[in-house]
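Here is a short report on one protein chain. Read it with the sequence and the model side by side.

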Amino acid sequence: RLTEPTMEVVLAAHGDGLLATDLRSGALVASYEEGGQVQPNAFGSVDAGGQHIYAVQASKALWQTWDWGSKKVTYRASLPEKITAMAFSQDAAWCFAGAASGTIYVWLASTGSLLRYWPAHFREVTQLLVSSDGGYLVTAAADTNVHVYNLADVLSEPSGHPKPFHSWAGHSLTVTSLCFLG
């Protein structure tokens, strides 16, 4: 667990694992190397406090978590298909994953129950973001589209496919990264 309240850590994927480095000192504070090559845009902290780290394997439909600072995998699970992007809500209640097929998956993190999935894109999902207020899911894909979903709609509509709140289409190339500003 991150013990100092002022400690900021950069988590970086490398070869067959993850390295956690103190932003201010540059010191290596933890490494997570069991499990194979990490999928870009599908690793990070499960919770805002950084108590649990997750990573999706690049070559398999598999993901795992570690307790902060532990070298041993604490949870490992198979996935419905190869996942190319993953994100958690700020409160770690929901896990969102985007797949090579363009499908978005939503799990209830406390139970691991798959709540829903839908074909959000026509090609590989490249990035997922959940807004800090927990109100929106933003998805980007190789189909050159970016969609914004209202999470209330995603989590409350039991049937059918959620409709994007807003979409941007027609980028000339694959949208590879997103970030929130402000």
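Is cysteine 95 buried or exposed? Cysteine 95 counts as buried, because its relative accessibility is 3%. Buried means under 20% relative accessible area, exposed means over 50%, and partly exposed lies in between (1.4 Å probe, protein chains only). Cysteine 179 counts as exposed, at 57% relative accessibility.

This is a predicted model: local features need pLDDT of at least 70, side-chain atom pairs count only at pLDDT 80 or more, and totals for chains, interfaces and linings use all residues. Residues are numbered from 1 along each chain as its sequence is written, and side-chain values use heavy atoms, with hydrogens and water left out.

**Disulfides**

A disulfide is taken as a pair of cysteine sulfur atoms within 2.5 Å. The count by this rule is 0 disulfides.

**The chain as a whole**

The protein chain holds 1 helix and 15 strands. Helices (H or I, at least four residues) and strands (E, at least two) are DSSP runs, numbered from the N terminus. The radius of gyration of the protein chain is 16 Å, which agrees with the value near 16 Å for a compact globule of 182 residues. That radius is taken over C-alpha atoms, and the globule rule is 2.2 Å times the number of residues to the power 0.38. Along the principal axes, the C-alpha atoms fill a box of roughly 45 × 35 × 30 Å.

Of the 182 residues, 43% count as buried. The protein chain exposes about 9400 Å², and carbon and sulfur atoms supply 54% of that area. Accessible areas come from the Shrake-Rupley method with a 1.4 Å probe; for residues, only the protein chains shown count as cover. Among contacts with a separation of 6 or more, residues 24 or more positions apart account for 35%. Contact means heavy atoms within 4.5 Å.

**Strand pairs**

Strands of a sheet pair through backbone hydrogen bonds, either parallel or antiparallel. Here, two strands pair if DSSP finds at least two bridges between them. The table lists some antiparallel pairs.

| Strand pair | Bridges | Partner residues |
|---|---|---|
| β1 and β2 (residues 17-22) | 6 bridges | leucine 11 and alanine 20 |
| β4 and β5 (residues 52-57) | 4 bridges | glycine 44 and tyrosine 54 |
| β8 and β9 (residues 94-99) | 5 bridges | phenylalanine 88 and cysteine 95 |
| β13 (residues 136-141) and β14 | 5 bridges | threonine 139 and histidine 147 |
| β14 and β15 (residues 166-168) | 3 bridges | histidine 147 and serine 167 |

**Two open sheets**

One open sheet has 3 strands in the order β1-β2-β3, with antiparallel pairing. Its edge strands are β1 (9-14) and β3 (28-32), each pairing on one side only. The twist averages 20 degrees from one strand to the next. For such angles, axes are lines fitted to C-alpha atoms (for helices, over the stretch in contact), and values run from 0 to 180 degrees between N-to-C directions.

Another open sheet has 4 strands in the order β4-β5-β6-β7, again antiparallel. β4 (38-45) and β7 (73-78) stand at the edges with a single partner strand each, so one side of each has no neighbour in the sheet. Here the twist averages 15 degrees from one strand to the next.

**Two hairpins**

Why is strand β8 (residues 83-88) largely enclosed by the rest of the structure? Because 6 of its 6 residues are buried. β8 forms a hairpin with β9, with 5 residues between them. Alanine 92 in that turn has a positive phi of about 65 degrees. Buried cysteine 95 belongs to β9, as the bridge partner of phenylalanine 88.

β13 and β14 form a hairpin with 4 residues between them. Threonine 144 in that turn has a positive phi of about 75 degrees. Strand β14 (residues 146-150) is mostly covered, with 4 of its 5 residues buried. Within β14, histidine 147 stands opposite threonine 139 and also opposite serine 167 in β15.

**An exposed loop residue**

Where is lysine 71 found? Lysine 71 is in the loop between β6 (62-67) and β7. Lysine 71 is exposed, with a relative accessible area of 57%. Leaving aside neighbours within four places in sequence, lysine 71 is in contact with Ser31, Glu34 and Trp66. Lysine 71 and tryptophan 168 lie 97 residues apart in sequence and 41 Å apart in space, C-alpha to C-alpha.
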